[in-house]
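Me: I'm new to this structure and I'd like a close look at one part of it. Could you take me through the last helix and then show me how the rest of the chain is laid out around it?

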Amino acid sequence: MAKKKLRVGLIGYGFMGRTHANAYKSVGNFFESGHEPELTAVCARDGTRAKAFAEQWGVKSVETDWRKIVARDDIDLIDIASPNDTHEEIAIAAANAGKMVACEKPLGRNAAESRAMVAAVEKAGVANMVWYNYRRVPAVTLAKQLIDEGRLGRIFHYRAKFLQDWTIASDLPQGGEGLWRLDKQVAGSGVTGDLLAHCIDTAMWLNGAIDSVSGMTETFIKERVHNVKGGVQKVTIDDASAFLARFANGSLATFEATRYARGHKALYTLEINGEHASIFWDLHDLHRLEFFDHKDEGRTRGWRSVHITDGDHPYMDRWWVPGLQIGYEHTFIHQVADFLKGLDEGKPAAPTFRDALATDLVTDAVLKSAETGRWERVA
Ligand code: SOE
């Protein structure tokens, strides 16, 4: 059967642009679908570098103005992999032009921006998704299956952290390429929107809605040279952010993210303690799920370290042979595969813009609580 082309216009060619391009190119080799992505255009302000990206990744054409790519008739999906301050305007224009929209996380710099984006895609009735890729780590997807099957029973605790150490140097500038995550005007917030947003998305997927939060943030380096504005400027992002939370299901949670945990590069861990069983997962060892089941026979009961590489594990029947693991880039391939499946079946692929708005409502509440010093309800 002839496949329907999904002509992608990719905006942004940085780290995330590469993960997305790789996913579109690889997905068809491993997952069947009636839709076949084609990298039709890439857009970036620097035409020479956009051209180099296009040559490397086999993208058919190059634009330097995102409005042109949105206006093109030969594009079905606009994929936004550019810095956070561009998401809202591009997503709304794309939806208004009737395009499907995929957007890097966080959806908006704050929930107000995300709300406007949700309204635009829902009004236009176009397919949409946000790249919260860690849901598609097979071990994390398996955790979701186990929870949904009731294997953990009532959940008491959720614990997540995302630790990095790349901004400790006080002479690291803020702003511009590779460093816009340090510039609040562009990023919206620091680690709250960049790292905790991942933890929150996974947490709400696994354990339901978050009702209220009590947060604290800190900016350890108060001033940095600004690559775009010039001179030494105040740093206004949060370098570290931690919060307590109450979930709607009555469970309690702690969340922590920082870029000042010397020695940790991307240590995203989560632990869930239920009445019957507990789960622990660590991004540095992403193909393992640690599982403790109290129902096991007492004398040999203990934490099992399950190697999530067998054919009956989520997504793994599409890859190599049992025992051989996959990695970070595969989470993006899985996300495209699920998006294509959604198109085949006429169903939305999660997380949609609306799902990602829920995350931004939590990050807004965390930042507000850090300011007020009070518990805040999630709007
Ligand atoms: C920040 O360093 C970052 O690249 C995030 O922006 C990504 O979302 C995360 O997956 C890895 O870390």
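Reply: Let's start with how the chain holds together. Among contacts between residues at least 6 apart in sequence, 69% join residues at least 24 apart. Keep in mind that this is a predicted model.

Now for the helix, α10. It covers residues 353-372, which makes 20 residues. From the first C-alpha to the last, α10 reaches 28 Å, close to the 28 Å expected at 1.5 Å a residue. How many of the 20 residues of α10 are buried? The count is 15, so α10 is largely enclosed by the rest of the structure.

Both ends of α10 have something to look at. Ahead of the helix, Pro-351 sits in the loop between α9 (328-345) and α10. The peptide bond leading into this proline, from Ala-350 to Pro-351, is cis, with omega near -5°. Most peptide bonds are trans, which is a good reason to pause there. After the helix comes Gly-373, and its phi is positive, near 75°.

Let's step back to the whole chain. It has 10 helices and 17 strands. Its C-alpha trace spans about 65 × 60 × 40 Å along the principal axes. For 379 residues, a compact globule would have a radius of gyration near 21 Å, and the chain agrees with that, at 21 Å. Of the 379 residues in the chain, 49% are buried.

The domain assignment splits the chain into domain 1 (4-133) and domain 2 (134-377). Their C-alpha centres lie 23 Å apart. Where the two meet, 35 residues of domain 1 are in contact with 40 residues of domain 2. On the domain 1 side, α1 (15-30), β2 (35-43), α5 (111-124) and β6 (128-130) each supply at least two residues. The largest share of that side comes from α1, with 8 residues. Sorted by class, the domain 1 side has 18 nonpolar, 13 polar and 4 charged residues.

Another helix to compare with your eye on the model is α6, residues 138-148. Its buried residues are Pro-138, Ala-139, Val-140, Thr-141, Leu-142, Ala-143 and Ile-147. These buried residues pack against one helix and two strands: α8 (191-207), β14 (277-282) and β15 (288-293). A glycine with a positive phi turns up after α6 too: Gly-150, with phi near 85°.

From α6 you can move straight to β15, since Phe-291 lies in that strand. Phe-291 is buried, because 21 other C-beta atoms lie within 10 Å. Leaving aside residues up to four places away in sequence, Phe-291 touches Ala-277, Ile-279, Arg-304 and Val-306. One of those partners, Ile-279, is 12 residues away along the chain, with 4.8 Å between its C-alpha and that of Phe-291.

Next, find Tyr-315 in the loop between β16 (304-307) and α9. Tyr-315 is buried, as 21 other C-beta atoms lie within 10 Å. The backbone is worth a look here. Most residues other than glycine have a negative phi. Tyr-315, though, has a positive phi, near 70°.

There is another cis peptide bond to find, this one from Lys-105 to Pro-106, with omega near -15°. Pro-106 lies in the loop between β5 (100-103) and α5, and α5 is one of the elements named above on the side of domain 1 that touches domain 2.

For an exposed spot, go to Gly-58, in the loop between α2 (47-57) and β3 (61-63). Gly-58 counts as exposed because it has 11 C-beta neighbours inside 10 Å. Not counting residues up to four places away in sequence, Gly-58 touches Lys-25 and Leu-39. If you want a sense of distance, Gly-58 and Phe-255 are 40 Å apart in space, C-alpha to C-alpha, and 197 residues apart in sequence.

Last stop, the ligand. Which residues surround the ligand? They are Gln-164, Asp-194, His-198 and Ala-266. By class, that shell has 1 nonpolar, 2 polar and 1 charged residues.

Methods
Residues are numbered from 1 along each chain as its sequence is written. This is a predicted model: local features need pLDDT of at least 70, side-chain atom pairs count only at pLDDT 80 or more; totals for chains, interfaces and linings use all residues. A residue is near a molecule or strand if its C-beta atom, placed from the backbone, lies within 6 Å of it. Ala, Val, Leu, Ile, Met, Phe, Trp, Tyr, Cys and Pro count as nonpolar, Asp, Glu, Lys and Arg as charged, and the others, Gly among them, as polar. Helices (H or I, at least four residues) and strands (E, at least two) are DSSP runs, numbered from the N terminus. The expected span of a helix is 1.5 Å times one less than its number of residues. A residue is buried if 20 or more other C-beta atoms lie within 10 Å of its own, exposed if 12 or fewer, and partly exposed in between; C-beta atoms are placed from the backbone. The radius of gyration is taken over C-alpha atoms; the globule rule is 2.2 Å times the number of residues to the power 0.38. Two residues are in contact if their C-beta atoms, placed from the backbone, lie within 7 Å. Domain bounds come from an automatic or database domain assignment.
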